[in-house]
Amino acid sequence: MKKTAPKNFEDALAQLETITEAMQRNDLPLEEALAAYQRGQELAQYCQQKLAEVEQKLQVLDGDNLKELQLDGHE
């Protein structure tokens, strides 16, 4: 199991998807499944941290009033 830090959020998410698919196939030996689970937890924590950082930046940019994101151009 790859233990290096992810390059970015997208890399961490891709690794999480790979781990999830491998675990769903149910073909990993117990020790590998445990290692995959632990790595998945690390990656999930990394992603949560990155999302929290982005949320803080958005709050600063929006004057601490975080608004719901409107993707269709309407407020």
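Start on the surface, where Met23, Leu34 and Tyr37 make a nonpolar patch of about 280 Å². Patches here are built from residues with over 30% relative accessible area and no salt bridge, with nonpolar side chains (Val, Leu, Ile, Met, Phe, Trp, Tyr) joined within 5 Å and like charges within 9 Å. The areas come from the Shrake-Rupley method with a 1.4 Å probe, and for residues only the protein chains shown count as cover. Leu34 sits in helix α2, which covers residues 30-61; helices are DSSP runs of H or I with at least four residues, strands are runs of E with at least two, and numbering goes from the N terminus. Leu34 counts as partly exposed because its relative accessibility is 43%. The cut-offs are these: buried is under 20% relative accessible area, exposed is over 50%, and partly exposed is in between, with a 1.4 Å probe and protein chains only.

Keep in mind that this is a predicted model, in which local features need pLDDT of at least 70 and side-chain atom pairs count only at pLDDT 80 or more, while totals for chains, interfaces and linings use all residues. Residues are numbered from 1 along each chain as its sequence is written, and side-chain values use heavy atoms, with hydrogens and water left out.

Now step back to the whole chain. Its secondary structure comes to 2 helices and 0 strands. There are 75 residues in the protein chain, and 19% of them count as buried. The chain exposes about 6300 Å², with carbon and sulfur atoms supplying 53% of that area. If you take the contacts (heavy atoms within 4.5 Å) between residues at least 6 apart in sequence, 63% of them join residues at least 24 apart.

Next, the inside. The largest nonpolar core has 7 residues, namely Ala12, Leu16, Ile19, Ala36, Leu43, Tyr46 and Cys47. Helices α1 (9-24) and α2 are the elements that give two or more residues to this core, and α2 gives the most, with 4 residues. A core in this sense is a set of buried Ala, Val, Leu, Ile, Met, Phe, Trp, Tyr and Cys residues joined through side-chain atoms within 4.5 Å. Cys47 is a handy residue to click on: leaving aside neighbours within four places in sequence, Cys47 is in contact with Phe9, Ala12, Leu13 and Leu16. Leu16 also gives you a ruler between distant parts of the sequence, as Glu42 and Leu16 are 26 residues apart in sequence and 9.5 Å apart in space, C-alpha to C-alpha.

Glu42 leads on to the charged pairs. Side chains of opposite charge can pair when their charged atoms come close. The whole structure holds 3 salt bridges, each defined as a side-chain nitrogen of Lys or Arg within 4 Å of a carboxyl oxygen of Asp or Glu. In one of them, Arg39 meets Glu42 at 3.3 Å, N to O. These two residues are separated by about one helical turn, because they are 3 residues apart in helix α2. Arg39 counts as buried, since its relative accessibility is 4%, whereas Glu42 is partly exposed, with a relative accessible area of 37%.

Further along α2, the side chains of Glu53 and Lys50 meet in a salt bridge at 3.6 Å, N to O. Being 3 residues apart in helix α2, Glu53 and Lys50 also sit about one helical turn from each other. Glu53 is partly exposed at 28% relative accessible area, and Lys50 is partly exposed at 29%.

The remaining bridge joins the side chains of Asp27 and Arg25, at 3.6 Å from N to O. Arg25 is exposed, with a relative accessible area of 53%. Look at Asn26 as well, which lies in the loop between α1 and α2. Most residues other than glycine have a negative phi, and most peptide bonds are trans. Asn26 is not a glycine, yet its phi is positive, at about 60°. With 70% relative accessibility, Asn26 counts as exposed.

Finish in helix α1, where you will find Asp11. The side chain of Asp11 reaches the backbone nitrogen of Lys7 at 3.0 Å. Asp11 itself is buried, because its relative accessible area is 16%.

Methods:
Polar contact = N/O pair within 3.5 Å; in protein donor to acceptor, adjacent residues only side chain to side chain.
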